Amino acid sequence: TRTVPSVGTTRPQMAEITDALNYPYIRVRDVDWLKSTLLLFPHVGRIRPFDAPDDDPEIAIFTETRGARGQPLLRSINPHDISHDLQDDLYEHLKATLDREGARLRRRFGKEATRREQSGGGSAQDMWARRMRGPSQLHYEKIAPLLLHVLQQNGLAWSPEDPDYPNYLEMHRVIGDAIMSTLAFAAAQSQGMRVGTEFPDLFAQTIARPIEEIFAVITAAAQRPLPIFLKRKGERLAETVIYRHCDLSLLDAQSLAMLSKEHEALSAFRDSVEEFARTIPTEMTDEATIASHL
């Protein structure tokens with residue numbers, strides 16, 4: 001007997017199937033972070049120019065193993081395939097600010113001020129320590145031509161003394177975050193991805209902000225940023241479940257590729273965790289209280 005839905009009955013919604021976009025780096029530092037993210041998303045993408053540095057062998061296997069839709073588990077997006085619209089907006093905003101108060105901006109974010117403020121970056125051999133504490137370094141292909149020109153012309157981007165890799169430029173972290181945010185948000189929007197980060201202590205605030213706030217930071221007119229928890233509690237809860245209760249050492253690229261093809265179930269799991277996260281009070285900023293709820 002065929003059951004006919006009654007009037008007003010709605011079908012259960014399908015879970016939203018999205019990939020994750022790694023912010024802000026090309027390379028992945030921690031294979032366990034990659035594995036845990038692949039338990040929440042079918043694939044992880046990263047913005048990667050053609051001449052980008054090679055991955056470590058334990059990470060490279062994920063670029064060679066294909067999951068859902070025949071895509072590599074760790075896939076690359078060429079920056080030339082991403083719309084420049086947001087970076088063009090940033091260019092217009094930056095140029096207008098320079099026209100009004102260029103001297104102040106150059107003093108605040110120029111090479112000497114950046115080196116004084118962000119000099120504790122570690123040795124030339126310690127790339128990740130330098131990235132965590134030093135100025136931003138970006139591959140030049142991640143910067144739209146007009147934006148790149150105005151940055152270099154005004155001393156807001158320069159050749160680093162200790163480059164991470166060839167073809168990298170250095171700049172103040174505030175400027176670097178604004179550039180990478182516009183690029184990442186454009187890529188995520190065009191491909192239906194969610195922006196995530198391996199380094200939430202550094203970048204969770206950035207990827208949780210609306211793009212207008214990121215622009216405003218450059219002019220020192222930003223509103224007080226929202227606590228990380230208000231925007232990202234669902235994802236933090238999902239990560240807590242996985243990190244505390246999954247033995248990631250038992251997962252390899254092939255098993256994750258098989259799971260990737262169950263992307264509807266993975267997406268439904270992530271959605272159900274986020275739905276549960278809505279029951280946790282939102283007006284909290286104390287990390288100990290947040291941790292106890294998670």
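This is a tour of a predicted model, stop by stop, with what to select and what is there.

Residues are numbered from 1 along each chain as its sequence is written, and side-chain values use heavy atoms, with hydrogens and water left out. Because the model is predicted, local features need pLDDT of at least 70 and side-chain atom pairs count only at pLDDT 80 or more, while totals for chains, interfaces and linings use all residues.

**Stop 1: the four-stranded sheet**

Show the strands first. Helices (H or I, at least four residues) and strands (E, at least two) are DSSP runs, numbered from the N terminus. Two strands pair if DSSP finds at least two bridges between them. Four strands make an open sheet in the order S3-S2-S1-S6, with parallel pairing. S3 and S6 stand at the edges with a single partner strand each, so one side of each has no neighbour in the sheet. On average, neighbouring strands of this sheet are turned by 35° against each other, direction ignored; axes are lines fitted to C-alpha atoms, for helices over the stretch in contact, and angles run from 0 to 180 degrees between N-to-C directions.

Select residues 44-47, strand S2, which is joined to S3 by four bridges and runs parallel to S3. Pick Ile47: the bridge partner of Ile47 in S3 is Ile77.

**Stop 2: a salt bridge between S3 and S1**

Stay on S3 and select Arg75 together with Asp19. Arg75 and Asp19 form a salt bridge, with the closest N and O atoms 3.4 Å apart. The term stands for a side-chain nitrogen of Lys or Arg within 4 Å of a carboxyl oxygen of Asp or Glu. This pair links distant parts of the chain, since Arg75 lies in strand S3 (residues 74-77) and Asp19 in strand S1, 56 residues apart.

Are these two residues buried or exposed? Arg75 has a relative accessible area of 10% and is buried; Asp19, at 3%, is buried too. Buried means under 20% relative accessible area, exposed over 50%, and partly exposed in between (1.4 Å probe, protein chains only). Add Arg69 to the selection: Asp19, Arg69 and Arg75 are linked in a network of salt bridges. The count of salt bridges in the model comes to 10.

**Stop 3: an aromatic pair**

Next select Tyr25 and Phe199. A pair of aromatic rings is described by the distance of the centres and the angle of the planes. Rings of Phe, Tyr and Trp (its six-membered ring) pair if their centres lie within 6.5 Å; planes under 30 degrees apart count as stacked, over 60 as edge-to-face and the rest as tilted. The count comes to two aromatic pairs. Tyr25 and Phe199 form an edge-to-face pair, at 5.7 Å centre to centre and 80° between the planes. The two residues are 174 apart along the chain: Tyr25 is in the loop between strand S1 (19-23) and helix H1 (31-38), and Phe199 in the loop between strand S6 (193-197) and helix H8 (200-208). Both Tyr25 and Phe199 are buried.

**Stop 4: helices H3 and H7**

Colour residues 173-191, helix H7, and then H3. The axes of H3 and H7 come within 12 Å and cross at roughly 175°. H3 and H7 are therefore roughly antiparallel to each other (angles under 35 degrees count as roughly parallel, over 145 as roughly antiparallel, 65 to 115 as roughly perpendicular and the rest as oblique). Among the residues that make the contact are Leu86 and Phe109 of H3 and Ala178 and Leu183 of H7; contact means heavy atoms within 4.5 Å.

On H3 (residues 85-109), select Asp99 and Lys95, which lie four residues apart, about one turn of the helix. Their side chains meet in a salt bridge (3.8 Å, N to O). Asp99 is exposed, at 59% relative accessible area, whereas Lys95 is partly exposed, at 35%.

**Stop 5: Lys142 and strand S4**

Select Lys142, in the loop between S4 and helix H6 (145-153). Lys142 is buried, with 6% relative accessibility. Leaving out residues up to four places away in sequence, Lys142 touches nine residues' worth of listed neighbours, including Pro24, Ile47, Gln87 and Leu183.Then move to S4 (residues 136-139), where both faces are covered: Ser136 and Leu138 on one side and Gln137 and His139 on the other are all buried. Four bridges join S4 to strand S5 (residues 168-171), and the two strands run antiparallel. Opposite Ser136 in S5 is Met171.

**Last stop: helix H9**

Select residues 211-218, helix H9, which is mostly covered, with six of its eight residues buried. Among the buried residues are Ile211, Phe215 and Ile218.
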